Amino acid sequence: MSAEGVMPVKLTELPSGYAGWLAELKNRIHIAQQRAALAVNRELVLLYWQIGRDILARQAELGWGGKVIERLSQDLRSTFPEMKGFSPRNLKYMRAFAEAWPELEFVQEVLAQLPWYHQLALLDKLPGPQTRKWYAAKAIEHNWSRNVLVMQIETRLLERSGTAATNFDATLPKPQSDLARESLKDPYRFDFLGLSNEAQERAVENALVKHVTEFLLELGAGFAFVGRQVLLDVGGDEFFIDLLFYHLKLRCYVVIELKGGKFKPEHLGQLSFYLTAVDEQVKHAQDNPTIGLLLCKSKNKVVAEYALRQNTQPLGVAEYKLIESLPPELATDLPSIEQIEQELRGNGASNSGYES
């Protein structure tokens, strides 16, 4: 039986070209569904912004107090009982949303691409418009879910992006050097592994492979996992790369080596050797030069910069953290999706961080 409860029509032989046409139709339907969902979300976000702007204007110009939101919530729910989203708390979020983003053009062109739950995360977790714009742009670019957006905010992705010590400016042409630098972070957060700070290199490596999905998310967009302990045969001697990736945007292999202690300049010699071997044995002619990333528990930044300066291959050095507590200023009371859904159904409390 099909989804509609109707037996599919059986044909002894499909007409020529039917399978291709059906695949094309299915793709069109999926695209239409996506466009419809985006259109509905866009109109909802714009409606919420307009309601919030009206509340702000009337409270400022007419001196309406905070109680008007309680009354407005009651009246809107009575008039539109089938609609969700008119709880007092959500109305206060609408006001905060309009206050945070006074320019309608930016809301229409950028923010309307993100669901309402994402808007609440940007409001509650971030202090100002510039950082909110950066995370909003990344969420749109990489199609982050609300939970991934919150995780990226809480782990301070903005502050960590592009901060690894590298020699890319001297070893890679622009704009690849800029993209490569922005593709690395410092430090990398591996607290999802559940390991203590005393964990050894191989334990960290094993855990990263076991949690490769989370690892790829922490590495960032564009990284594809190739393998661990990748064998390189050089003149009959065997060598093993800790972790090998391919970066889809940079169009190059990325060799990652883990060191369980403090960075030492000689670590780069081993990594540089691996890059040469990968370029000679693995890299295709159309690929860009292989990049190396050394991850260590700690480093002296000046020592790392001096060591990198002497290398002619593209290398980066960054720290990794196994356990790091959330900074107090980011540990806000962002409601869970379940709490928000309860509010949208009109069953939640009316208190909010945006009281009048």
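1. In this predicted model, helix H5, which spans residues 116–125, packs against helix H7, residues 146–154, at an angle of about 15°, and the two axes lie 9 Å apart. Angles under 35 degrees count as roughly parallel, and H5 and H7 are therefore described as roughly parallel to each other; their crossing is right-handed.

2. On the H5 side, the residues that meet H7 are Tyr117, His118, Ala121, Leu122 and Lys125, while H7 contributes Arg146, Leu149, Val150, Ile153 and Glu154 to the contact. By residue class, this contact of H5 with H7 divides into 6 nonpolar, 1 polar and 3 charged residues.

3. Two residues of that contact, Leu122 in H5 and Leu149 in H7, reappear in the largest nonpolar core, which has 36 residues and in which Phe97, Val107, Leu111, Leu122, Tyr135 and Leu149 touch the most other members. At least two residues of this core come from each of H1 (18–61), H2 (67–79), H3 (88–100), H4 (104–109), H5, H6 (129–142) and H7, with H3 supplying the largest share, 7 residues.

4. Phe97 deserves a look of its own in the viewer: leaving aside residues up to four places away in sequence, Phe97 touches Val45, Trp49, Val107, Leu111, Trp116, Gln119 and Leu123. Among these partners, Val107 and Leu111 are also listed with Phe97 as core residues that touch the most other members.

5. Apart from this core, the model holds a second, separate core of 29 residues, and its members include Tyr188, Val204, Leu243 and Leu258. As general background to both cores, nonpolar side chains tend to be buried together in soluble globular proteins.

Technical notes:
Residues are numbered from 1 along each chain as its sequence is written. This is a predicted model: local features need pLDDT of at least 70, side-chain atom pairs count only at pLDDT 80 or more; totals for chains, interfaces and linings use all residues. Side-chain values use heavy atoms; hydrogens and water are left out. Axes are lines fitted to C-alpha atoms, for helices over the stretch in contact, and angles run from 0 to 180 degrees between N-to-C directions. Helices (H or I, at least four residues) and strands (E, at least two) are DSSP runs, numbered from the N terminus. Angles under 35 degrees count as roughly parallel, over 145 as roughly antiparallel, 65 to 115 as roughly perpendicular and the rest as oblique. A crossing is left-handed if the near helix is turned anticlockwise from the far one by less than a right angle, and right-handed if clockwise. Contact means heavy atoms within 4.5 Å. Ala, Val, Leu, Ile, Met, Phe, Trp, Tyr, Cys and Pro count as nonpolar, Asp, Glu, Lys and Arg as charged, and the others, Gly among them, as polar. A nonpolar core is a set of buried Ala, Val, Leu, Ile, Met, Phe, Trp, Tyr and Cys residues joined through side-chain atoms within 4.5 Å. Buried means under 20% relative accessible area, exposed over 50%, partly exposed in between (1.4 Å probe, protein chains only).
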